[in-house]
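Colleague: I should like to examine the terms used for this protein. Please show me the structure before we begin.

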Amino acid sequence: RILARRSRLLIWATLSEETERGWGIARQLLRRFILKVADGVICNGPSGARYIASFGFSPDQIFVVNQPIDVELFADLPLTKAPEIARRIVFSGRLIAQKAVVELQDAVARWARENPSHNLELVWIGDGPLRGQLEALEPPANFSQPFLGNQLYEALPEIYGNCGALVLPSLMDEWGLVINEAMTSGLVVLGSVYSQAAVEMIRDGVTGWMIDPLRPETIGAALDKLFSMPLEALAEMRAAARKRALMITPDSAADHLFTAVKVVMQDEPDAALLLQNVDPARATRARTTAAATPADRLR
């Protein structure tokens with residue numbers, strides 16, 4: 001960018017304030033230098049945009065492009081749920097400390113003990129070093145937790161279809177594609193305040209509830225609301241969740257990305273002329289999910 005004055009530098013910053021907390025001065029100085037020669041920055045969500053703006057970068061040159069999924073894989077699942085699965089909860093991801101899975105299990109088991117009249121089921125999708133610790137729990141009689149291990153991506157719709165809610169208790173997530181998957185499937189979401197996808201997509205009492213994994217009482221409060229909500233109201237929330245999720249598609253992401261490119265190239269006549277004849281959605285339309293392998297669960 002420095003040597004080729006007619007070039008433009010558009011940075012894609014897949015980060016959030018939480019993922020960048022604690023980095024040393026050397027990395028901050030390097031990023032400050034890079035941003036001084038950048039013409040624009042793309043972020044996944046508002047937390048990433050705030051982080052970039054904290055370097056003094058112009059908000060007018062920061063573009064938010066939410067991460068999409070292949071919505072067609074999940075959008076045809078029925079919104080109607082039988083009572084026995086309407087409040088079944090699923091976790092999907094790595095069983096690691098960063099995902100706060102132990103904190104989640106402790107909070108859920110405590111809630112089950114305090115509410116013996118309710119049967120609570122937490123389905124675990126994924127694997128990781130904490131699986132053994134999670135499986136070792138002696139659960140109360142009204143709490144079950146099947147472990148399904150790593151799953152092929154194509155298997156997720158059927159699993160989501162047999163659940164009523166997803167929980168993402170992550171301590172840091174620059175996005176969180178499982179929220180897209182779950183809401184497109186028609187699940188309400190209990191999402192962490194440290195996930196940009198949760199902050200961007202969840203409206204309390206409308207598409208789900210926000211939780212703070214470092215404050216277990218917030219998980220208990222969300223479970224109170226999930227189990228006290230009438231089935232008809234939960235059905236309305238599932239419809240609202242899918243409607244919100246379908247606003248983030250590969251085509252919509254392509255449109256936002258194309259807008260960012262046009263803005264940073266607007267003072268380059270040759271590039272501006274070329275871009276006038278490009279259909280961004282058609283040019284970038286593709287399945288956003290690659291090979292269905294256990295690595296998919298690394299999100």
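Modeller: What follows concerns a predicted model, and we shall take its helices, its cover and its cores in turn.

Colleague: What makes α6 a mostly covered helix?

Modeller: A residue counts as buried under 20% relative accessible area. Eight of the eight residues of α6 (residues 177-184) are buried, and the helix is therefore called mostly covered. Among them are Leu177, Asn180, Glu181 and Thr184. The cover includes β4, α5 (156-161), β8, β9, α7 (196-201) and α9. Just after α6, Gly186 takes a positive phi of about 90 degrees.

Colleague: Why is the set that includes Leu120 and Trp209 called a nonpolar core?

Modeller: The term requires buried residues of certain kinds, Leu and Trp among them, joined through side-chain atoms within 4.5 Å. The largest such core has 33 residues, and Leu120, Leu122, Trp124, Trp209, Leu223 and Leu226 touch the most other members. Elements supplying at least two residues each include β5 (120-125), β10 (208-211) and α8 (216-228). Helix α3 gives the most, with eight residues. A second, separate core has 29 residues, including Tyr153, Leu177, Ile179 and Met201.

Colleague: How do you know that Leu226 is in contact with Trp209?

Modeller: Contact means heavy atoms within 4.5 Å. With neighbours within four places in sequence left aside, Leu226 is in contact with Arg87, Ile89, Ala165, Val188, Trp209 and Leu234.

Colleague: What share of the protein counts as buried?

Modeller: Of its 299 residues, 51% count as buried. The protein exposes about 14,200 Å², of which carbon and sulfur atoms supply 56%.

Terms used:
Residues numbered from 1 in each chain as written. Predicted model: local features only at pLDDT ≥ 70, side-chain atom pairs only at ≥ 80, totals over all residues. Heavy atoms only, no water. Buried < 20%, exposed > 50% of the residue type's maximum accessible area, 1.4 Å probe, protein only. Helix = DSSP H or I, 4+ residues; strand = E, 2+ residues; numbered from the N terminus. Areas by Shrake-Rupley, 256 points an atom, 1.4 Å probe, with all protein chains shown as cover.
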